[in-house]
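Me: I'd like a close look at one small part of this model, and then a walk from there to its surroundings. Please keep it friendly for a first-year student.

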Amino acid sequence: MPKPLIGISTYHEESARWGAWQQPAALVPLNYPEYFRRAGALTVLLPPDEPDAAVETVERLDAVVIAGGPDVRPQRYGAQPHPRSGPHNDARDLWEIALIEAALASNTPLLAICRGMQLLNVVLGGTLIQHLPDVVGHGEHSGSPGAMAAHVVEPIPGTLFGSLGVEAYEVPTFHHQAVDRLGNGLVVCARARDGIVEAVEAPNEKFVLGVQWHPEAGRDTRVADALVAAARRPHLVPAQRPETLHAAAVADTSSPVA
Ligand SMILES: NCCCC(=O)O
């Protein structure tokens, strides 16, 4: 059986070392592709592109991973920026929004990690808590620069994530934002012990999972295994699918925000 091909979003870095040069670069930590290769997939990195390239890109993939990164511009979910929000990256927001929409429209399995989960929620009409310490009164979801924090996540029985054989366990994590109002068609499938949403899924889709922590930085392979298993299954014909859940979605992402 051929290995499924998983595309992983990357980010634009203005200046990175390349041999003797400092060059603009498209980057993602290597532990992302390694995590999915260990689970039996081939991987390709997706440099930021024009949003109208997303449908053709996703058509060639068996699954899409939206990686972690900076805060989503708050205007995309109708909020004014909190003083601690940012930096924002409009080009990345728009490219990854287009990838998410293309994956949802084509029923291509989708895993959204950290910022990716936040963006998935926004695409589906949800909102974000902009600075978690304001709400939970602690900083246990964030590490320090270069070092992840760890806390326990509790799967919710009866969900896809809850069916992976996962019990409450400690995960590597690094975020200061979180899901507030849940996006259309999403259900919560794991929470931290302080009640913060840690994972979401879309039960009416083939495989749509968002995790707020960083599975690629830990030892638990079950998230990658589940994505790769879904990527091996044939996609449904879009015309046979129920009315898509993302129709209600994205807050206007055209000007002036972008
Ligand atoms: N908002 C970007 C993802 C990580 C964080 O919440 O800090």
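In S3, which residue is the bridge partner of His12?

Reply: The partner of His12 in S3 is Ala26. Before we go on, this is a predicted model, where local features need pLDDT of at least 70 and side-chain atom pairs count only at pLDDT 80 or more, while totals for chains, interfaces and linings use all residues. Residues are numbered from 1 along each chain as its sequence is written, and side-chain values use heavy atoms, leaving out hydrogens and water.

Back to your strands (DSSP runs of E, at least two residues; helices are runs of H or I, at least four, and both are numbered from the N terminus). S2 covers residues 11-18 and S3 covers residues 21-27; they run antiparallel, joined by 6 bridges. Two strands pair if DSSP finds at least two bridges between them. S2 and S3 make a hairpin with 2 residues between them, and Gly19, in the turn, has a positive phi of about 60°.

Now look further in. The largest nonpolar core (buried Ala, Val, Leu, Ile, Met, Phe, Trp, Tyr and Cys residues joined through side-chain atoms within 4.5 Å) holds 34 residues. Here buried means under 20% relative accessible area, exposed over 50%, and partly exposed in between, using a 1.4 Å probe and protein chains only. Val64, Ile66, Leu99, Ile100, Leu110 and Leu120 are the residues with the most contacts inside this core. H2, S5, H3, S6, H4 and S12 each give it two or more residues, and H3 supplies the largest share, 8 residues.

Try following Leu110. Leaving aside neighbours within four places in sequence, Leu110 is in contact (heavy atoms within 4.5 Å) with residues including Val64, Ile66, Ile100, Leu120 and Leu227. Apart from the largest core lies another, of 33 residues, and Leu227 is among them, as are Tyr35, Val166 and Val211.

Leu227 also leads us to helix H6 (residues 222-232), whose buried residues are Val223, Ala224, Ala226, Leu227, Val228, Ala230 and Ala231. The elements covering them include strands S1, S5, S6 and S13, along with helix H1.

For a contrast, find Leu160 in the loop between S8 and S9. Leu160 has a relative accessible area of 26%, so Leu160 counts as partly exposed. Not counting residues up to four places away in sequence, Leu160 touches Glu201 and Phe207. Its C-alpha atom is separated by 7.4 Å from that of Cys189, 29 residues apart along the chain.
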